[in-house]
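Dear colleague,

I am passing on the structure we spoke of, and my notes on it follow below. Please read them with the model open beside you.

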Amino acid sequence: MMTDPIADMLTRIRNAVKARLPVVEIQASKLKQQIARILTEERFISGYKLVALPGNKRFLRLYLKYHPDTGKPTIKGLERVSKPGRRVYLPKDEIKTVRSGIGITILSTSKGVITDSQARMLGVGGEVICKVW
């Protein structure tokens, strides 16, 4: 039994990037789909696709992105912040930038799953899901 599906998603992405794989598949959920949407919008991955299999199983297929000249991955690091044993919530005033603005923080707020810059713009805080740079 998996206790933290988001940490599993981030680990699968991290491992796929290290192995230089073009695609990684993850069991789908609404939260994971929102995280994939943000990673696509912020250009950390090329895109994602929801794949439905017989028997009510759904997978997210993430298309990883690499620099065309050097072949280096666009995702240099992923860090899970809020965990099942220790939830981390931040008010709007305490949301900081990641790596001097190079990375993003993904938050779950009352306005949905958004990035740190969107949360500051909307003036909302929330649960810090992860940091990506």
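At what angle do the axes of helix α1 and helix α2 cross? Bearing in mind that this is a predicted model, the axes of α1 (residues 5-18) and α2 (residues 30-41) come within 10 Å and cross at roughly 40 degrees. The two helices are therefore oblique to each other, and the crossing in which α1 passes α2 is right-handed. On the α1 side the contact is made by P5, I6, M9 and I13, while α2 contributes L31, K32, I35, A36 and L39. Sorted by character, the residues of this contact comprise 8 nonpolar and 1 charged, with no polar residue among them.

Turning to the strands, there is an open sheet of 3 strands in the order β1-β3-β2, and the pairing is antiparallel. Because β1 (23-27) and β2 stand at the edges with a single partner strand each, one side of each is left without a neighbour in the sheet. From one strand to the next, the twist averages 25 degrees.

As for the individual pairings, β1 and β3 run antiparallel and are joined by 5 bridges, and within this part of the sheet V24 stands opposite L62 of β3. Strand β2 (residues 45-53) is joined to strand β3 (residues 57-64) by 8 bridges, again with the strands running antiparallel. Two positions help to locate this pairing in the model: V51 has F59 of β3 as its bridge partner, and G47 stands opposite Y63, which also belongs to β3. β2 and β3 form a hairpin with 3 residues between them, and in the turn G55 has a positive phi of about 90 degrees.

How do the helices lie with respect to these strands? Helix α2 lies across β1, β2 and β3, and runs at about 155 degrees to β2. For α1, the strand pairing to keep in view is that of β1 with β3, which 5 bridges join; α1 packs on the sheet and touches both β1 and β3, its direction making about 165 degrees with that of β1.

Finally, a word on the charged side chains, for which the structure holds 6 salt bridges. One of them is formed by D4 with R80, where the closest N and O atoms are 3.0 Å apart. Since D4 lies in the segment before α1 and R80 in strand β4 (residues 78-80), this pair ties together parts that are 76 residues apart in sequence. As a general point, side chains of opposite charge can pair when their charged atoms come close.

With best wishes

Key
Residues numbered from 1 in each chain as written. Predicted model: local features only at pLDDT ≥ 70, side-chain atom pairs only at ≥ 80, totals over all residues. Heavy atoms only, no water. Axes fitted to C-alpha atoms, helices over the stretch in contact; angles between N-to-C directions. Helix = DSSP H or I, 4+ residues; strand = E, 2+ residues; numbered from the N terminus. Parallel < 35°, antiparallel > 145°, perpendicular 65-115°, else oblique. Left-handed = near helix turned anticlockwise from the far one by under 90°. Contact = heavy atoms within 4.5 Å. Nonpolar A, V, L, I, M, F, W, Y, C, P; charged D, E, K, R; others polar. Pairing = 2+ DSSP bridges. Salt bridge = Lys/Arg side-chain N within 4 Å of Asp/Glu carboxyl O.
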